[in-house]
Structure formats: structure tokens, C-alpha cells
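These are my notebook entries on a structure with more than one chain. I set down what I looked up, entry by entry.

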Amino acid sequence: MKGKLPMLLLGALAFLCCYPVLFLLTGTLMDNGELREALSPVVQQSGGAVTWRLLPRYPTLQHYLELLLDEPEFFVMFWNTVKLTAAILAGQFLIGTPAAWGLARFCFPLRRLLSVLYIILMMMPFQVRMLSDYLVLDRLHLLDTHAGIILPAVFSTFPVFIMYRFFRAIPEAILESARLDGAGVLQIFFYIGLPLGAGGIVSALVLSFLEYWNLIEQPLTFLKDKSLWPLALYLPNIGAEKAGTAFVSSVFTLAPAVFTFLLGKDYLEQGIAAAAVKE
Amino acid sequence: MKRKIGSAFAGFLAFMLLFTLLSRAADSMTVARVTAQRARKGRISHRVSGSGKVVQNREQAVSTLAGQTVKAIYVEEGQQVAAGDLLFEVDLESLRGQILEKKQEIQIADLQTGDKLSALDAQKKQDAINQSHAAQDYAAAAQKGGTAVSRAKEEWNRARKKLSSLKEDATETGADAVQAVLEETCREKQADYDLALQYREDLEEAIDDLVEKALTDAQEDASAMRANVRATVGAQEVFTEETPFPDEAAQDTTADPTLLSAAAQTETENVSAEPENTAGTAQQREALPDGQESYTTPQTETPYTGIPQDEGEWIVGESGDQSWEKEDPWLLELRIRQENQPLLDAADQQIRLLKGEKEEADAALADYLQKKAQSAQMSVSEMRRQLTEEVRAKRQAYEDAVMAANDGLRSAAQAAENASAPKGSDSTAEIDAITREQKELELSKLERLLAADGKVTSPINGVVLSVQILTGEKTPDGTAILLSDKASGNKLVVRVSQEQDAYIARSDPVTVTTGSGKKLEGLTVDSVRTDEEDAEQLDVTVQLPADAIEAGVSATMEAVRDSELFDCCIPVQALYEDKGGYYVFVLTEKETVLGTELSAQRIDVQVLDKNETDAALQNGSLNGGQQVIVASDKTLAQGSRVRLEQ
């Protein structure tokens with residue numbers, strides 16, 4: 001009995017957290033009339049509060065068909081998002097991992113200063129860097145291109161910071177043994193650093209995925225061509241009369257994040273814990 | 001577990017990839033495929049064409065008298081005939097019957113005309129007799145009234161005179177004075193009676209003279225009118241053959257009809273006690289028509305002197321000059337005597353009255369003498385009272401006579417006025433003459449047709465266009481056979497829509513093509529007129545060269561008129577109409593999630609001119625680089641996504 005009460009409380013909280021998702025799923029199955037009736041206090045400013053049913057009165061898959069067959073724009077944005085996220089994650093893996101290894105395992109002048117600078121940059125929100133990013137991208141003629149989104153994200157400091165923590169946790173004795181056995185710098189990195197720091201790498205990539213899958217501000221700022229827009233900008237362009245389509249698009253937007261979370265939830269906890277540990 | 005999740009993730013991506021392709025395919029099916037082109041400079045050619053039939057320029061109608069029975073028809077529609085060719089023939093039996101009938105109608109009309117003239121003449125005579133009788137009645141009334149008034153006036157004067165005589169002699173010889181008055185009265189009455197007898201004799205003599213004069217004049221006029229009388233009134237031949245004119249009497253008679261006027265005047269003088277009553281005949285004629293004559297009051301003492309005669313003829317004079325022109329002598333004499341009989345009657349009445357008065361005066365004198373002898377005691381005052389009473393009674397009688405005479409005169413004048421009232425105009429004779437002339441004209445036409453043996457021939461060389469008669473039926477009132485004149489040439493008449501009116505006009509060049517492929521160029525439009533049967537159509541006439549195309553052949557006409565040079569011409573199928581205006585769709589590029597897409601943008605334009613293929617737009621309606629959608633496989637609307645097909 002003692003153990004059940006906390007479980008009930010936690011279950012209630014879990015349901016409360018998951019309720020928006022349930023709300024979302026119910027909305028995707030409602031027809032337009034029911035949606036209009038339920039959302040009228042919000043959409044038509046008719047007063048009162050939104051009433052929501054857990055089960056729709058007239059369930060329909062109409063909105064799924066409309067989105068899947070009549071909205072090619074959604075798929076353009078979906079694949080734009082896949083492209084941006086994949087490129088960013090790949091770039092971060094290629095760039096961030098060596099950078100974190102270097103900061104964690106090499107001694108060179110101003111290393112500590114550089115680490116502090118990394119942390120400072122990580123702490124800066126995008127709104128602070130937006131103007132400078134814009135000017136740089138404009139000089140590099142990267143505005144209105146996916147590269148203008150990808151490149152700044154590739155060199156983000158947050159994954160480096162996460163992976164730095166994991167690489168720093170590798171015992172020096174292991175590395176010394178490798179050196180004694182004649183291993184070179186690259187061999188130590190690929191055969192000892194990456195396997196031992198995989199958790200940090202994955203957790204950094206999972207966190208980055210969740211961040212860049214829902215990227216809004218950078219595309220809105222740097223992309224004028226709508227054909228380059230990511231999925232996060234699709235919903236703001238859907239009117240109230242297509243609320244059902246908006247619910248369905250939210251479901252499809254949510255799905256990759258859920259899959260990624262499920263795949264990397266073990267590493268994600270480690271990464272979050274690593275980011276919280278004081279150096 | 002993680003592998004399953006990974007597989008589900010991969011399946012999700014594959015699912016999304018599949019529907020990416022499907023949505024693209026579905027989208028491409030909904031996008032309209034269009035073709036577009038830019039506006040160009042050009043002219044709008046208006047081509048007016050139509051087909052019609054070649055006809056002759058002039059037609060001629062052949063007709064004959066209506067109501068003839070068609071015996072045979074020798075031509076049919078489309079047949080060519082020469083001048084003089086027999087067209088049709090009418091039945092001679094029926095024609096002869098009509099001629100006979102027409103002649104009889106003319107004879108009947110002549111007889112009816114004679115009867116009408118006779119009746120008209122008789123009516124005129126009756127009117128004259130009525131007028132004469134009215135005048136006689138008026139004269140009789142005047143005579144009678146004048147006599148009564150005069151007599152009453154005399155008696156009144158006599159009574160006054162007796163009273164004054166009594167006043168003068170009252171003191172000395174009152175009784176003798178009365179006797180003297182009575183004796184004087186007896187003398188006067190005797191004198192009046194004698195005068196009346198004399199007047200009666202003079203009047204009879206005057207009537208006899210008038211009769212003789214009238215018979216003489218009638219004989220003179222009869223010789224001149226005899227021929228006419230014989231021609232018009234056969235019955236009057238008895239007058240000349242069986243009743244000779246009294247020539248001897250006419251020769252001996254020198255009396256003027258106006259003598260009776262003098263006699264009447266004399267009578268007036270005799271019966272009138274006043275000098276004013278002897279006014280001349282002319283004065284009487286002038287006074288009568290106005291009806292102003294009347295018996296005056298005793299103070300003015302101007303009694304009646306007028307006679308009602310409008311034409312200024314005294315009663316007897318009119319009878320002598322006009323009334324006996326066509327009468328038997330004995331009838332003439334009888335009528336004259338009848339007309340003057342009232343005068344004789346008036347004279348006889350006057351004689352009877354005067355005789356009665358004379359006898360009364362004698363009786364009064366005898367009575368007085370008897371009374372004088374029997375009652376010498378009668379006082380003068382009593383006599384004065386009696387005389388005064390008598391004067392009053394006589395005056396009253398005089399006034400009554402004046403009123404009665406005026407009433408009689410008024411009634412007689414009214415009757416005479418009615419008798420001489422004007423009659424309305426009568427054009428019966430002229431109308432009969434016109435009707436007879438028309439019948440004679442119809443008769444002459446029938447006779448001419450009979451002379452041609454009932455055959456009707458063609459007056460010209462031509463083609464029979466229509467035959468309006470049927471064998472055995474009656475000929476119509478209008479055209480029997482319609483011919484076209486070959487000598488006048490041919491023309492092509494084409495019917496086109498009224499909407500083409502702006503694009504074809506007189507002198508426009510046209511090309512004419514026959515059904516067999518023969519083409520005539522260089523011709524011009526001769527006329528463009530609204531069709532008489534259908535106001536929505538135009539009749540376009542093209543004169544054809546002589547002998548170029550035979551009449552009756554079908555041919556087509558084509559006229560082309562180019563407009564001015566327009567800067568902005570588009571195919572007409574790119575033009576849409578809405579609420580009386582026009583618009584086009586142009587291609588516009590739009591940046592969307594799917595990339596640069598083409599869409600249709602509606603632009604309202606003003607059409608300057610258009611034909612079946614092209615339309616000219618107002619300058620500035622389109623930009624130079626804009627492509628106008630000229631064809632689409634789907635219905636377009638503002639903003640429709642389109643896909644350009646090259």
C-alpha cells in the first residue's frame with residue numbers, strides 16, 4: 001500500500017502530462033462540424049470555454065486523408081525538416097565529437113579559456129546571436145538556403161559541452177595504456193574515445209534532434225523561400241477552418257520525436273545528468 | 001526493443017515517403033494544364049458571309065380582270081417565256097355572261113336615273129305649289145284682318161262722330177242731330193256697299209286677263225321645251241297633241257299679270273279708311289319678308305300693308321311666270337283661279353259685311369224715327385250716355401280686331417316661311433353618272449378580253465416566278481402570274497444577321513461563289529437593308545454581271561473588312577464575359593511551399609473589337625510580358641494553380 005500511493009500520484013501526473021497528446025489524437029478524429037462547435041469559443045471568439053470530448057461523436061479519418069493526399073506542402077516541409085535535422089546531427093557528430101575530445105583530452109594553451117567561451121556561447125539565446133548570424137550568412141551568401149540553417153547548428157556548443165563531460169570521464173589510465181601499446185592519437189580517439197563516449201554522443205545527438213526537429217526561429221529568420229521551410233512552420237500557416245488538418249499534422253510532427261526519444265531515452269538521461277554535473 | 005522502435009521509425013519514414021509521392025500525384029491531377037501566349041499587334045478581320053438565291057432585278061405582274069374562270073394555264077414556275085407567249089386562258093362563256101350582265105346593269109342604271117330625275121322635278125313643283133299656297137294663305141289672312149280692322153275703326157270713328165255731333169247740337173236740336181247722324185251713316189254704308197260691288201267686278205276682270213296672259217306665255221315656252229319634254233316625260237306628249245295652246249287668246253291678251261296687283265291694291269284702298277293703306281306694291285314686298293307688318297294701335301293708325309313673298313314676285317305674277325311651264329292650259333287656268341280665289345272670297349265677304357252694315361244702319365234710322373215719334377220725352381242726357389257707351393264698345397271691338405288680325409298674320413307668315421325653307425343639296429345625278437362611267441369602263445375591259453378570245457399572253461421575255469391562279473378557279477383581284485424580266489439582269493440576295501450590320505456596307509468588295517464552284521470576284525455590295533419579314537436579319541444585295549449566273553441558282557457571298565491596327569490582340573477564346581464586361585486570365589508566378597508555381601490571375605479588360613477568332617483590347621489592359629491563358633483543361637478561377645504546357 002505504501003508503494004501504491006506514489007504510483008497513483010505519479011500515474012495521475014503522467015496522465016496530466018499526456019493529456020494534451022490525447023486531446024490531439026481525439027481532435028484528429030473529429031469532423032469539421034464537431035471541431036467547429038468545440039473550438040468556437042477560441043476560433044470565433046464566441047465566449048465561454050472550450051469543451052472537449054475524449055471520444056469524438058462522429059469519428060472520421062477524413063483529416064488524415066486530406067493531409068496525406070491533398071497537402072503536398074506538408075510533405076515538402078516534412079522532408080525539409082528531415083534533411084535539416086539529419087544534416088545538423090551529422091555535422092555535429094563530425095565536428096562536435098572531435099572538438100569535445102580535444103577539449104577534454106588535450107592540453108594546450110588557453111584551453112580553459114576556450115572552454116569558458118564555449119559555455120558562454122552555449123548560454124547565449126538565439127535572439128542575441130540572430131543579427132550577427134544574419135550578417136555573417138549574408139556575407140557568405142548563405143541566406144535563404146538550408147546551409148544557412150545547418151552550418152550554424154553544426155557548430156553549436158551544446159553537444160560539445162555534453163560530449164566533453166563524457167570524454168572527461170574516461171580514465172586517463174586507459175588512454176595511457178593505449179599509448180604504451182603504441183596506439184596513436186587517432187587510434188585512441190576512434191578505438192577508445194568514441195566507444196567509451198558513445199553514451200554522451202548519443203545523448204547529445206538525441207537532445208539536438210529534439211531541438212532541431214522543432215526549429216522555428218532560424219528558418220523564420222533566414223529562409224524566405226517557402227519551399228525550404230521546415231515542418232514547424234507548417235502549422236502557423238493553417239487556418240482555423242482546417243483545424244482537423246492541423247491536429248493530424250501535429251501528430252505526424254510528433255511521431256519522429258517520439259521515436260527518437262524512445263530510441264535514445266537511456267542516453268538522454270545520462271546526457272541530462274552530465275549537463276547538470278558541476279565541473 | 002530498440003530495434004523494433006527503430007524499425008517502426010523506419011516504417012514511418014517509408015510511410016511518409018509513399019504519401020509524399022501520392023500527394024504529389026494527386027496534386028498534379030488537380031492542377032489545370034493551360035496554354036498561354038502573349039498579346040500581339042494585329043488587325044481584326046470581320047468576315048460576313050451568307051448564302052442566298054440569284055434573282056432577277058425586276059419582276060412584272062401579269063393580271064386580268066378579277067372573277068374570270070381560268071380555263072387553262074400554259075406555264076409553270078421556273079419556265080422561261082418570250083413576249084407574246086400564251087400564259088393562261090379564261091372561259092369565254094363566263095366572260096360573255098359577265099359582259100351581258102354588265103350591259104344590263106348599265107341599262108338599269110339609266111332607267112333609274114330617269115326615274116330619279118322625274119321624281120326630282122315633281123318634288124320641285126310640289127314645293128312651288130306649297131310656297132304659293134302659303135303665300136295665298138298669308139294674303140287672305142292679311143285681307144281678312146285688314147277688312148275687320150278697317151270696319152271696326154270706321155264704326156268707332158262713326159260712334160265718336162255721333163257723340164261729338166250730339167255734344168254740339170245738344171242745347172238746340174238734340175233730337176234732330178241724332179237723326180242727322182243716322183242718316184249720314186246710312187249714306188256712307190250705301191256708298192261702301194257700292195264700292196265693294198265695283199271692286200268685285202274689277203277683280204274678276206283682272207283674273208280673266210291674268211289667265212289669258214299666262215296661257216299665252218305658256219304657249220311660247222312650250223314650243224322651246226317640247227323636245228325636252230318628249231325626251232324625258234313621254235306622258236306629256238298629250239299636252240301638245242291633244243290640247244293645243246290657246247294662241248288666239250294669247251295674242252289678244254295684253255293684260256299684264258301685275259294688273260291683279262293693282263286690283264288688289266284697289267281693293268286695299270277700298271277697304272281701308274286711312275290714306276296710309278294705299279302704299280305701293282313694292283313697299284308691301286319689302287315689308288313682308290321681315291314680318292314687320294302689324295296693325296297699329298289707334299293712335300298711330302298704320303294698319304297692315306305687307307305680303308310675304310321672298311322672291312319679290314306678287315302672288316299672281318309668280319303663277320304667270322313660272323308655274324305653268326309644263327302644265328295643261330286648263331290646269332294652268334284652274335290653278336291661277338284657285339290661287340286668286342281667296343281674293344274673290346274676301347271681296348264677297350266684304351260685300352256681305354257692307355250689305356249687313358247698310359241694312360243695320362237703315363234699320364237703326366227707322367228705329368230712331370219710330371222711337372222719336374213714340375217717345376219724344378227721351379232726354380238728351382240719356383242719348384249721350386247711350387252714345388258714349390257705344391263709342392266705348394266700338395273701340396273695344398276695334399282693339400279686338402287688331403289683335404285677331406295680328407295673330408292671323410303671324411300664323412300665316414310662319415307657314416309661308418316653312419314652305420320656303422331651303423332644301424339640302426342633292427348629288428344623286430352626279431353619283432349616278434360616275435357609277436355609269438365605271439361600269440362602262442369595266443365593260444370595255446371585258447370586251448377587250450373577249451376580243452382576245454380570253455387569252456392572256458406574256459408582255460416580256462422572262463421566267464415565270466409564281467403562278468397565283470388555278471385551273472377552274474376564279475382569277476384573283478391582284479397578280480395572276482409573276483414574271484421576272486430577263487433584260488434587267490440578275491442579283492444575289494443574301495440574308496445575314498443584324499449583328500453584322502457594322503461590318504458590311506454598300507460598295508464593300510465581295511466574292512460570290514456558286515454551288516458548282518464558280519467564283520466571281522471584284523463585285524461590290526449594292527445595298528444592305530433590313531429584311532421585311534424578320535427585323536433581326538439583313539438583306540445584302542449584290543448586282544451580278546449580265547449572264548454570269550442564272551436566276552434561281554444558289555450562291556454564297558463573302559465580304560471581308562479589316563479593322564485598324566491594334567497593339568493588343570489576343571485569341572478570342574482567352575476572353576471571358578461576366579456581367580456585361582470582359583476579363584482574361586494571365587499567368588503569374590507565386591512562391592509557395594512547393595516552389596515557384598504558376599497561377600491564374602483575373603484581369604478585367606475592355607474589348608475594342610473582336611471577331612470569331614481574335615479580340616482587340618484597350619491599350620494598357622495587359623503588360624507586355626504577361627502571358628494570357630488561351631486554353632485550359634479545367635475551369636479557372638482567380639488564383640487557380642495552373643501548369644503551363646509548352
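**Entry: H4(A) against H7(A)**

I began with the residues through which H4(A) meets H7(A). On the H4(A) side I listed A:Leu84, A:Ala87, A:Ile88, A:Gly91, A:Gln92 and A:Ile95, and on the H7(A) side A:Ile149, A:Ile150, A:Ala153 and A:Val154. I then sorted this contact by class and obtained 8 nonpolar, 2 polar and no charged residues. For the geometry, I found that the axes of H4(A) and helix H7 (residues 147–154) of chain A come within 8 Å and cross at roughly 30 degrees. I recorded the crossing of H4(A) with H7(A) as right-handed. I note here that the model is a predicted one.

**Entry: H4(A) against H11(A)**

I next asked at what angle H4(A) and H11(A) pack. For helix H4 (residues 72–105) and helix H11 (residues 198–213), both of chain A, I read an angle of about 145 degrees, with the axes 10 Å apart. I entered this crossing, too, as right-handed. H4(A) contributes A:Thr81, A:Leu84, A:Thr85, A:Ile88, A:Leu89, A:Gln92, A:Phe93, A:Gly96 and A:Thr97 to the contact. From H11(A) I noted A:Ile201, A:Ala204, A:Leu205, A:Ser208, A:Phe209, A:Tyr212 and A:Trp213. By class, I have 10 nonpolar residues, 6 polar and no charged in the contact of H4(A) with H11(A).

I cross-checked the two lists for H4(A). A:Leu84, A:Ile88 and A:Gln92 appear in the contact with H7(A), and A:Leu84, A:Ile88 and A:Gln92 are also listed in the contact with H11(A).

**Entry: H3(A) and chain A as a whole**

Which residues of helix H3 (residues 62–70) of chain A are buried? I found A:His63, A:Leu67 and A:Leu68. They lie on the same side of H3(A), because the arc that they cover around the axis is only 125 degrees.

I then took the totals for chain A. Its secondary structure amounts to 13 helices and 0 strands, and along the sequence I therefore wrote the pattern as α-α-α-α-α-α-α-α-α-α-α-α-α. Of the 279 residues in chain A, 32% are buried. Counting contacts between residues at least 6 apart in sequence, I found that 80% join residues at least 24 apart.

**Entry: chain B as a whole**

I repeated the totals for chain B. The count here is 11 helices and 21 strands. Buried residues are 27% of the 646 residues in chain B. Among its contacts with a separation of 6 or more, 78% come from residues 24 or more positions apart.

**Entry: a sheet of chain B**

I traced an open sheet of 3 strands in chain B, with the order S4-S6-S7 and antiparallel pairing. Its edge strands are strand S4 (70–73) and strand S7 (455–457), each of which pairs on one side only. Ignoring direction, I noted an average turn of 20 degrees between neighbouring strands of this sheet.

I followed the pairings in turn. S4(B) pairs with strand S6 (residues 86–90) of chain B over 3 bridges, in the antiparallel sense. In this pairing B:Ile73 is opposite B:Phe88, and B:Ala72 is opposite B:Glu89. S6(B) and S7(B) also run antiparallel and are joined by 3 bridges. On that side I found B:Lys455 of S7(B) opposite B:Glu89.

**Entry: a hairpin of chain B**

How many residues does the hairpin from S18(B) to S19(B) pass through? I counted 3 residues in the connection. Strand S18 (residues 607–610) and strand S19 (residues 614–617) of chain B pair in the antiparallel sense, over 3 bridges. Within this pair I recorded B:Asp609 opposite B:Ala616.

**Entry: where the chains touch**

Last, I examined the contact between the chains. On one side are 19 residues of chain B, and on the other 20 residues of chain A. In chain B, helix H1 (2–30) and strand S16 (581–592) are the elements that give two or more residues to the side touching chain A. H1(B) supplies the largest share of that side, 14 residues. I classed the chain B residues of this side as 10 nonpolar, 5 polar and 4 charged.

Methods: Residues numbered from 1 in each chain as written. Chains lettered and ligands numbered in written order. Predicted model: local features only at pLDDT ≥ 70, side-chain atom pairs only at ≥ 80, totals over all residues. Pairing = 2+ DSSP bridges. Helix = DSSP H or I, 4+ residues; strand = E, 2+ residues; numbered from the N terminus. Axes fitted to C-alpha atoms, helices over the stretch in contact; angles between N-to-C directions. Left-handed = near helix turned anticlockwise from the far one by under 90°. Contact = placed C-beta atoms within 7 Å. Nonpolar A, V, L, I, M, F, W, Y, C, P; charged D, E, K, R; others polar. Buried ≥ 20, exposed ≤ 12 C-beta atoms within 10 Å, placed from the backbone. Arc of directions from axis to C-beta.
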